[in-house]
Amino acid sequence: MSPPEIRPGQSVELLKALHLLTRDGKLNQDSRRKLKQVYHLYHFIEPLLQDAYAASANAADATAPVLVDHGAGKSYLGFILYDLFLKTRPRGQVIGVESRAELVHSSRQLAARLDFPRMQFFAHSVEEAIASPAIPPRVDIVTALHACDTATDDAIRFALARDAQSIVLVPCCQAEVASALRARKAEALATTPLAELWRHPLHTREFASHLTNVLRCLLLQAHGYQLTVTELVGWVAKSREGRGGGRSAASGGGEGGSAVRGGGGGRV
Ligand SMILES: C[S@@+](CC[C@H](N)C(=O)[O-])C[C@H]1O[C@@H](n2cnc3c(N)ncnc32)[C@H](O)[C@@H]1O
């Protein structure tokens, strides 16, 4: 018998392949924790998918709605979303973008084995994906969970270019602003007491991460998104005004602190 955490109809083979169940179909402490985290995230994204699904009811394109997951890694998220939400519905597509070709290869194999035909994977950088003709011109939901460094910013650019209705981001390590602060730290300390905010190396990193996330929020707000920033890990931008919907959502559930206050490294 399946453990009670496994939902009716859920693919046990998938959960084993993602190491969310042990090989003999059981949950150990580690897999139970991981599964809880995955469900936690699923609950944030499911309402966005519901909205996108309803909004695309009359779309001529049978693949709508389209969700693109950047920095997909082993595509945990995409597989779980497909299995729990899209598998039993006639429409909807999940596209994983991942720069490591071997991960893309194994995700393609797993999708074929599970017979998940509306999952696609591309060995692209997020930046390459922006111009990729292989990805539909209109994308409904963009996710990027722990996509390294500026990949999160590229995911935002992608989402803006594809006019995404919803964006779910859990930022990762961020180095760019920190290196700019470091480069001019001595000068800043000599000219403004505000530089005390980033005098110490740890504070340089954290403050830079905070600034990065604030800038990301401002950029998205300027493009008409309503934001929800969560304390735990993630921050979510969704429901650009004028395109209907309007519910905000949040992601989170990690150990790394707030993406806005701390920046990165949080696990979902
Ligand atoms: C920390 S893992 C997160 C994987 C997955 N999203 C998760 O949360 O389990 C980050 C992944 O992003 C990929 N990645 C990093 N930078 C990228 C980029 N610029 N374009 C595409 N993938 C990238 C890495 O190869 C890695 O698989």
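# Worked exercises on a predicted model

Lys185 touches Trp198, Arg199, His200, Pro201 and Thr204, leaving aside residues up to four places away in sequence. The model is predicted.

## Exercise 1: Lys185

Find the helix that holds Lys185, decide whether Lys185 is buried or exposed, and describe how its side chain meets Thr204.

Solution.
- Start with the position. Lys185 belongs to helix H8, which covers residues 185–191.
- Check the cover. Lys185 has a relative accessibility of 14%. Buried means under 20%, so Lys185 is buried.
- Take the neighbours. Thr204 is one of the residues that Lys185 touches, and Trp198 is another.
- Look at the side chains. Those of Lys185 and Thr204 are joined by a polar contact of 2.8 Å.
- Compare sequence with space. Lys185 and Thr204 are 19 residues apart along the chain, and 9.2 Å separates their C-alpha atoms.

## Exercise 2: Gln93

State where Gln93 sits, whether Gln93 is buried or exposed, and which side chain makes a polar contact with its own.

Solution.
- Place the residue. Gln93 lies in strand E2, residues 93–97.
- Apply the cut-off. The relative accessibility of Gln93 is 7%, under the 20% limit, so Gln93 counts as buried.
- List the contacts. Beyond four places in sequence, Gln93 touches Thr63, Pro65, Val66, Leu67, Leu86, Arg118, Gln120 and Pro136.
- Pick out the polar one. The side chain of Gln93 makes a polar contact of 2.5 Å with the side chain of Gln120.

## Exercise 3: Ala55

Is Ala55 buried or exposed, and how far is its C-alpha atom from that of Asp140?

Solution.
- Locate Ala55. Helix H2 spans residues 29–55 and includes Ala55.
- Judge the surface. Ala55 has a relative accessible area of 70%, and exposed means over 50%, so Ala55 is exposed.
- Read the distance. The C-alpha atoms of Ala55 and Asp140 are separated by 9.6 Å. Along the chain, these two residues are 85 residues apart.

## Exercise 4: Strands E1, E4 and E5

Trace the pairing of E4 with E1 and with E5, then work out which faces of E4 are covered.

Solution.
- Begin with E1. Strand E1 (residues 66–70) and E4 run parallel, joined by four bridges. Asp69 stands opposite Thr143 in E4.
- Turn to E5. Strand E5 (residues 166–170) pairs with E4 over five bridges, again in the parallel sense. Ala144 is opposite Leu169. Leu145 has Val170 as its bridge partner.
- Examine E4. Strand E4 covers residues 141–145, and five of its five residues are buried.
- Split E4 by face. Ile141, Thr143 and Leu145 point one way, while Val142 and Ala144 point the other way. All of them are buried.
- Do likewise for E5. Five of its five residues are buried. Ser166, Val168 and Val170 lie on one side, Ile167 and Leu169 on the other.

## Exercise 5: Helix H3

Explain why helix H3 is described as largely enclosed by the rest of the structure.

Solution.
- Set the limits. H3 runs over residues 76–86.
- Name the buried residues. They are Leu77, Gly78, Phe79, Ile80, Leu81, Tyr82, Asp83, Leu84, Phe85 and Leu86.
- Conclude. Of the 11 residues of H3, 10 are buried, so the helix is largely enclosed.
- Link back. Leu86 is also among the residues that Gln93 touches.

## Exercise 6: The ligand

Describe the residues around the ligand and the atoms that lie at polar distance from it.

Solution.
- Count the shell. The ligand is surrounded by 14 residues. Gly71, Glu98, Val126, Leu145 and His146 are the closest.
- Sort the shell. It holds six nonpolar, six polar and two charged residues.
- Take the ligand oxygen. An N or O atom in the side chain of Glu98 lies 2.6 Å from an oxygen atom of the ligand.
- Take ligand nitrogen. A backbone N or O atom of Gly71 is 2.8 Å from a nitrogen atom of the ligand. For a backbone N or O atom of Val126, the distance to a ligand nitrogen atom is 2.9 Å.
- Finish with area. The ligand alone exposes 590 Å², of which the protein buries 77%.
- Connect to the strands. Leu145, one of the closest residues, is a buried residue of E4.

## Exercise 7: The whole chain

Summarise the protein chain by its helices and strands, its buried share and its contacts.

Solution.
- Count elements. The chain has nine helices and seven strands.
- Give the buried share. Of 268 residues, 50% are buried.
- Weigh the contacts. Among those with a separation of 6 or more, 69% come from residues 24 or more positions apart.
- Close with the surface. The chain exposes about 12800 Å², and carbon and sulfur atoms supply 56% of it.

Technical notes
Residues are numbered from 1 along each chain as its sequence is written. This is a predicted model: local features need pLDDT of at least 70, side-chain atom pairs count only at pLDDT 80 or more; totals for chains, interfaces and linings use all residues. Side-chain values use heavy atoms; hydrogens and water are left out. Helices (H or I, at least four residues) and strands (E, at least two) are DSSP runs, numbered from the N terminus. Buried means under 20% relative accessible area, exposed over 50%, partly exposed in between (1.4 Å probe, protein chains only). A polar contact is a pair of N or O atoms within 3.5 Å; within protein, one must be able to donate a hydrogen and the other to accept it, and residues adjacent in sequence count only if both atoms are side-chain atoms. Contact means heavy atoms within 4.5 Å. A residue is near a molecule or strand if one of its heavy atoms lies within 4 Å of it. Accessible areas come from the Shrake-Rupley method with a 1.4 Å probe; for residues, only the protein chains shown count as cover. Ala, Val, Leu, Ile, Met, Phe, Trp, Tyr, Cys and Pro count as nonpolar, Asp, Glu, Lys and Arg as charged, and the others, Gly among them, as polar. Two strands pair if DSSP finds at least two bridges between them.
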